[in-house]
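Q: Hi! Could you walk me through this structure in plain words?
A: Happy to, let's take a look together.

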Protein chains: 2
Amino acid sequence: MQDQPKKSDQDIDFGVLDEFLGYRLRRAQMNFFAKFGEVCEDLGISPGLFAVLAIVERNPGLTQTAVAQALGNDRSAMVAAVDKLESKNLLERRPAVNDRRSYALFLTAEGGRFFDNAVKRVSCYENEMAKCLDGDEEKQWLLNALERLANKSL
Amino acid sequence: MQDQPKKSDQDIDFGVLDEFLGYRLRRAQMNFFAKFGEVCEDLGISPGLFAVLAIVERNPGLTQTAVAQALGNDRSAMVAAVDKLESKNLLERRPAVNDRRSYALFLTAEGGRFFDNAVKRVSCYENEMAKCLDGDEEKQWLLNALERLANKSL
DNA sequence: TATTGTTATACTCTATAACTATA
DNA sequence: TATAGTTATAGAGTATAACAATA
């Protein structure tokens, strides 16, 4: 049945979607998450878990709620995330010194090594992805534009 | 308990996350989706459903699978999406002329009006968000950079 | 009263596999 | 045999509400 040639992906008219930052951001981000999954498959961590490790590594002793706020999600979501990282021996809950309600989070020694290795992986694929950009200048400009968009309110 | 001043969000060190396009893309996109939800709350459509309408409007007669491929997701996910849009009388499944396995998708008259209205809403908030960019020149450059990143393979 | 971690819960999004009817 | 739509299902991600312990 080839009477009417099928529209290939190239022939689709995306209309307004092509001019919408929201749609373009989503497509770009989906590609990055998919690539992250490929590159870190054997490490057993998602972009979300990687972000938790990154925050705790640079800000040891932070509470779960503080990490959640930094990453922009609910504190209830941190429970499963920290559980998972703790069960992998990458992260540690210690009793907070001045507040018996909360925990202070720290990377374990293994977690530190694991994170260093993960950063190498992610940096490697980030650099590969950034090859479609025009050098470090365009990348820095893009990072800056994305930060502005992430913080823009209506 | 204010012996040790709490780290505010501003004081958090994001480390490598600050230099990772993947993380920055996610934060920017989350902001856009949240704003989309606010602006289109009463319309009862998500960014995903809006995208389906946009594709069908510009490419009437496309099959469900073709729309799914255009948007980069699985055809099984289209069933619920088209069901929802059809139940709202915005979109119509018609039997395809040459293939009794597939449907051809079309906007209804109401769907056309609904979509025009939705485009106005979304364009309005898109323009508002784009005010943190340096004019149409930077926006066009950004759209172009995002397209490159969305299509980049390792 | 307010806050931390937690649990239960639910909702969305997404993908996989298998089924059916067609091709 | 291959494809379109469908179904069932499962996983991840995210959010809300309520609770106990603590501030």
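A: We'll go through the two protein chains, the DNA and the cysteines; keep in mind that this is a predicted model.

Q: Cool. How many residues does each chain put into the contact between chain B and chain A?
A: Chain B brings 72 residues and chain A brings 73.

Q: And what area is buried between them?
A: About 6700 Å² is buried between chain B and chain A, and 66% of that comes from carbon and sulfur atoms.

Q: Which residues in chain B lose the most area to chain A?
A: Those are Leu21(B), Lys152(B) and Leu154(B), which together make up 11% of what the chain B side buries.

Q: On to the DNA. Which residues are closest to DNA strand D?
A: Arg100(A), Arg26(B), Thr65(B), Arg75(B) and Arg101(B) are the closest of the 18 residues that surround DNA strand D. Of the atoms of this strand that come within 4 Å of the protein, 62% belong to sugar and phosphate.

Q: What touches the phosphates there?
A: The side chain of Thr65(B) has an N or O atom 2.5 Å from a phosphate oxygen of DNA strand D. For the side chain of Ser46(A), the distance to a phosphate oxygen of that strand is 3.4 Å. Tyr103(B) takes part through a polar backbone atom, 3.3 Å from a phosphate oxygen of DNA strand D.

Q: Which elements give two or more residues to that surface?
A: They are α3 (64–71) and α4 (76–87) of chain B.

Q: How about DNA strand C, how many residues surround it?
A: There are 18, and the closest include Thr65(A) and Arg100(B). Thr65(A) has a side-chain N or O atom 2.4 Å from a phosphate oxygen of DNA strand C, while Arg100(B) places a backbone N or O atom 2.9 Å from a phosphate oxygen of the strand.

Q: Which residue has a side-chain atom by a base oxygen of DNA strand C?
A: Arg75(A) does: a polar atom of its side chain lies 3.0 Å from a base oxygen of DNA strand C.

Q: What classes of residue make up the surface near DNA strand C?
A: It has 2 nonpolar, 8 polar and 8 charged residues.

Q: New topic: how many disulfides are there over all chains?
A: The search of the whole structure finds 0.

Q: Why does Cys124(A) have no bond to Cys40(A)?
A: Cys40(A) holds the closest cysteine sulfur, but that is 10 Å from the sulfur of Cys124(A), so they are too far apart for a bond.

Q: Is Cys132(B) buried or exposed?
A: Cys132(B) counts as buried because its relative accessibility is 17%, under the 20% cut-off.

Note on methods
Residues numbered from 1 in each chain as written. Chains lettered and ligands numbered in written order. Predicted model: local features only at pLDDT ≥ 70, side-chain atom pairs only at ≥ 80, totals over all residues. Heavy atoms only, no water. Disulfide = S-S within 2.5 Å. Buried < 20%, exposed > 50% of the residue type's maximum accessible area, 1.4 Å probe, protein only. Near = heavy atom within 4 Å. Polar contact = N/O pair within 3.5 Å; in protein donor to acceptor, adjacent residues only side chain to side chain. Helix = DSSP H or I, 4+ residues; strand = E, 2+ residues; numbered from the N terminus. Contact = heavy atoms within 4.5 Å. Buried area = accessible area lost by both parts, 1.4 Å probe. Nonpolar A, V, L, I, M, F, W, Y, C, P; charged D, E, K, R; others polar.
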